[in-house]
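Hi,

As promised, I am passing the structure on to you. Have a look at it first, and my notes follow underneath.

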Amino acid sequence: MGRIPGSKKKRMWIHEGDIVIANPWEVQDSKAEIAWKYTRPQVEWLERKGYIKY
């Protein structure tokens, strides 16, 4: 489960299957704060370069 910070909350929608960077909370390992959501072209670039296998 992740939380979107206030500055990004109105601009960012997260859907199942999206690629994100999440920073885990120190207090609860099962929760995290969403730092970044990758766009489709960014995900394709990461796949081509071998950084992720999606």
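Please keep in mind that this is a predicted model. I began with Trp45, which counts as partly exposed because its relative accessibility is 39%. Trp45 has a ring partner in Tyr51: the ring centres are 5.9 Å apart and the planes lie at 25°, so this pair is stacked, planes under 30 degrees apart being what counts as stacked. Tyr51 itself is exposed, at a relative accessible area of 58%. Searching the whole structure turned up one aromatic pair, so you can take Trp45 and Tyr51 as the rings concerned.

Next, the sheet. It is open, with three strands in the order E1-E3-E2 and mixed pairing. E1 (2–3) and E2 (20–24) are at the edges; each has a single partner strand, and therefore one side of each has no neighbour in the sheet. E1 and E3 run parallel and are joined by two bridges. Gly2 has its bridge partner in E3, namely Ala32.

Finally, a residue you may like to click on: Glu33, which belongs to strand E3 (residues 32–37). With 28% relative accessibility, Glu33 is classed as partly exposed. Beyond its neighbours within four places in sequence, Glu33 contacts Arg3, Pro5, Ile21, Ala22, Asn23 and Trp25. For one of these, Ile21, the C-alpha atom is 8.6 Å from that of Glu33, with their positions 12 residues apart along the chain.

Happy to talk it through whenever suits you.

Best wishes

Notes
Residues numbered from 1 in each chain as written. Predicted model: local features only at pLDDT ≥ 70, side-chain atom pairs only at ≥ 80, totals over all residues. Heavy atoms only, no water. Phe/Tyr/Trp six-rings, centres within 6.5 Å; stacked < 30°, edge-to-face > 60°. Buried < 20%, exposed > 50% of the residue type's maximum accessible area, 1.4 Å probe, protein only. Helix = DSSP H or I, 4+ residues; strand = E, 2+ residues; numbered from the N terminus. Contact = heavy atoms within 4.5 Å. Pairing = 2+ DSSP bridges.
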